[in-house]
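Student: Could we go through a structure together and ask why each label applies?
Tutor: Happily; let us take a look.

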Amino acid sequence: YKVPVTVANKLEQMRRAFLWGNKENGGNKLHLISWDKVCSPKELGGLGLSLISIRNLASLAKWVWKAYSERGSMWNEVLTRRYGKVWNYDISRLDPKVCSPIVRQIVKLSSDPRIGSLLSRENFKWCVRNGSLAYFWEDWWIGDIPLCSLLPSLYNKARVKHMVVKDFILLWIRGSLNDIWVDTLNSELLDELPVLSGLL
C-alpha cells in the first residue's frame, strides 16, 4: 500500500527521536542538522538514510517493473487474467475505479510528478533473447518506439495483438498472411509492409 502521510510522518518522527535521543529530564534534544540533510547521500555529507515516503514510492514502482519483466511468474499471470494483457505492458491504461486497493495505488503512480515519467513504458526497452516474453507490437524491442506506435495502421489490422516476438516471426517466415492480418491489406497498408519487413 501507499503509506498514508500521517503514518509516514510518525515514522520519520520516531527515526529522528532515535537518532537524536531525549533529554534526561524529558523532551527532545536539539537537532544539530536538518532531517533532509541527514537523509541525503553520504557523498553529499548525509547519513544516506532515505525518506519513508520516497522508499514507499520506490517499492510500489518496482511492481510496475516486475509486471513488465516477470511475465511468466504465477502472480503476474493471475493479475493478467484479472486486468487483461495491458497489465503486462502499460499499467497506466488501467481504470483505477475497477482495481483492487493495492493495484489502484500502483496505477496512480503514473500521475505522481516525482516518479510518473520513470514508469512510462517508453522507458522499458526489451532484450529479445529467444523472443518468448517480449510482445511484438506493444513492447519496445526494436527501433526507437514500439511497433504499434510506429505502424499503427498495420497494428489495427493485426489478427493477434499480444503476440510474442518469436510467434510473430514464425508466422512471418511461413508467409501465412491470413494468420497475421484480419483481412486483406489495402494499398496504403501495403506501403507500410516494406518498413516492417526491413525492420525484421
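Tutor: We will set values against their definitions. This is a predicted model, where local features need pLDDT of at least 70, side-chain atom pairs count only at pLDDT 80 or more, and totals for chains, interfaces and linings use all residues. Residues are numbered from 1 along each chain as its sequence is written, and side-chain values use heavy atoms, with hydrogens and water left out.

Student: Why does Arg71 count as buried?
Tutor: Buried means under 20% relative accessible area, exposed over 50%, and partly exposed in between (1.4 Å probe, protein chains only). Arg71 has 7% relative accessibility, so Arg71 counts as buried.

Student: And why is Val7 called partly exposed?
Tutor: Val7 has a relative accessibility of 38%, and therefore counts as partly exposed.

Student: What makes the pair of Arg71 and Asn88 a polar contact?
Tutor: A polar contact is a pair of N or O atoms within 3.5 Å; within protein, one must be able to donate a hydrogen and the other to accept it, and residues adjacent in sequence count only if both atoms are side-chain atoms. Here a polar atom of the Arg71 side chain lies 2.5 Å from the backbone oxygen of Asn88.

Student: How do you know that the protein chain is more spread out than a compact globule?
Tutor: The radius of gyration is taken over C-alpha atoms, and the globule rule is 2.2 Å times the number of residues to the power 0.38. For 200 residues the rule gives 16 Å, whereas the protein chain has 24 Å, well over that, so it is more spread out than a compact globule. Its C-alpha atoms fill a box of roughly 85 × 35 × 30 Å along the principal axes.
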